[in-house]
Amino acid sequence: MPRDPRADAYPMPAYPHGWYAVLRSGELRRDAVVSLHYFGRALIAFRDADGRAAVRDAHCPHYGAHLGVGGKLVDGTVQCPFHGWRFGPDGRCVEAPFAPRIPKVSIGGFPVREHSGLVFVYAGPGEPAWEVPEIPETLSRRFAKPIDDACRARIHIQEMRENIVDESHFQFIHGQREPLVQDWQADGPLAEARGRISRRIFGRDIDNSFDAFMYGPGVMVVRTQGPVVSLTAVALTTPVDERTSEMRMLYYIRKPRRLPFLTPCLKLAFRAEALGEVRDEVRIWDHKIHQPRPVLLPHEKGIRTLRRWYEQFYSPDFAAAPGPTPAAPPCAEHGRNVGD
Ligand code: FES
Ligand SMILES: [Fe+2]
C-alpha cells in the first residue's frame, strides 16, 4: 500500500534526549566490535581492556573507513581496518602508524551505563542529569530468562510510548473487556502510570493490576500482577533514524512458586497471546499519521498528559547537531562485565 507522506511528518524533533538501551550485555563480547545504527548515525560498540562498554561513531576521522567493518579490538582500543589508527573508549586517537606525533582527533560518542543486562547510551546535549535505575527482575532467579521480541516501525518513538496511555486501544488490540483505568504521576524525567486491566485469556476473565514506570523517553518497565501470571515487561524504544523506531520488549515471567516447571508452558502461552498483538500495533503504526490535536474522549486524556510530560525531552541542540559529543568516561559506578 502506498504510504501517505504525512505518515512521516512530525512536529517534534526525531530524537528526544534521554537514555536508550542499544544492546543487551551478552551481545557485546569482549573480543569484537559491534556495528549499530541509531539516531540516524552509524555507530560501533566495544569493550575496553577492563570490559567496560563504549559506544562511539563508526567512521574514522582519518579517511572515513567504517570501524565496524573489519576493525579489530587491540588492548581495549579499536583499530581501523584501513591504515591502522587506533581509538580508545573515550574516542581519542591513541595511535597512528608512521605519524610523527599522534593526531589530536577523536570520534564522537555517548555517555554509557551498563546494568540490568543492558547497555544504555545517553543521547542528548551535555552530560546526563539523571539515571535509569536498576531493574531487579533482570537479575532475579525468581524470573525466567526473558522473551526477547524486537521490531521496527515507521513511527516516532513518542507514539510508541503513547500506546500505554491510549486507554481505548486495549479493548480492540489487547482483548480487554473495557478501556483500562489509569492513574498518572510524574517527577521530572520519571513518570508512573498505575492501573487495572481485565482481559479474557483462554476463555476466562482475568483481572490484573499494572504499574508502568517510565524512565525518560526510551525506557519503560511495566509490572503486571495477576492470579495466573505475573510479569515484568521492559519496553525499550530507540530512534533508528528520522522515520524509523525500534521497540525491543523483554518479557520477564515470574516462575510460579509451587509449580516452577510450568514456566516453559507459560512462556509459550504468552508468546502465542501477546506477540501477535504487538505485530498488529506495528502494522497500524507503519501507516498512521501524527494527530497534533486528536479528538479525545473524556477517558482518553492520558494521551494529552503524556505528551505534555514528553515535551521536556526535546532539545533543538541535539536534534540539529548529531555530531561528536565531548569525550566522557564510558562507564561509571554501574559498570558490569558480561560475565558478572
Ligand atoms: S581511514 Fe581509518 S586509519 Fe585511515
Ligand atoms: Fe498496545
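**Exercise 1. Decide whether Ala32 is buried, partly exposed or exposed in this predicted model.**

*Solution.* Start by counting neighbours: Ala32 has 14 other C-beta atoms within 10 Å. Next, bring in the cut-offs: a buried residue needs 20 or more such atoms, while an exposed one has 12 or fewer. The count for Ala32 falls in between, so Ala32 is partly exposed. Now place the residue: Ala32 sits in the loop that joins strand 1 (18-24) to strand 2 (34-38). Finally, look along the chain to Gly70, 38 residues apart from Ala32, where the two C-alpha atoms are separated by 10.0 Å.

**Exercise 2. Work out where the largest nonpolar core lies with respect to domain 1 and domain 2.**

*Solution.* First, get to know the core: it comprises 65 residues, and Val22, Ile44 and Val119 are among those with the most contacts inside it. Then ask who contributes: domain 1 (17-125) and domain 2 (136-313) both give residues to this core, so the core lies between them. To zoom in, take Val119: leaving out residues up to four places away in sequence, its contacts include Ala21, Val22, Leu23, Ala45 and Val112. For the wider setting, 37% of the 340 residues in the protein chain are buried.

**Exercise 3. Compare the reach of helix 3 with its expected span, and find its bend.**

*Solution.* Helix 3 runs over residues 263-287, which makes 25 residues. From first C-alpha to last, helix 3 reaches 36 Å, close to the 36 Å expected at 1.5 Å a residue. Now check the axis: helix 3 bends by about 30° at Arg271.

Key: Residues numbered from 1 in each chain as written. Chains lettered and ligands numbered in written order. Predicted model: local features only at pLDDT ≥ 70, side-chain atom pairs only at ≥ 80, totals over all residues. Helix = DSSP H or I, 4+ residues; strand = E, 2+ residues; numbered from the N terminus. Expected span 1.5 Å × (residues − 1). Bend = angle between axes of the 7 residues up to and from the residue. Core = buried A, V, L, I, M, F, W, Y, C linked by C-beta atoms within 7 Å. Domains from an automatic or database assignment. Contact = placed C-beta atoms within 7 Å.
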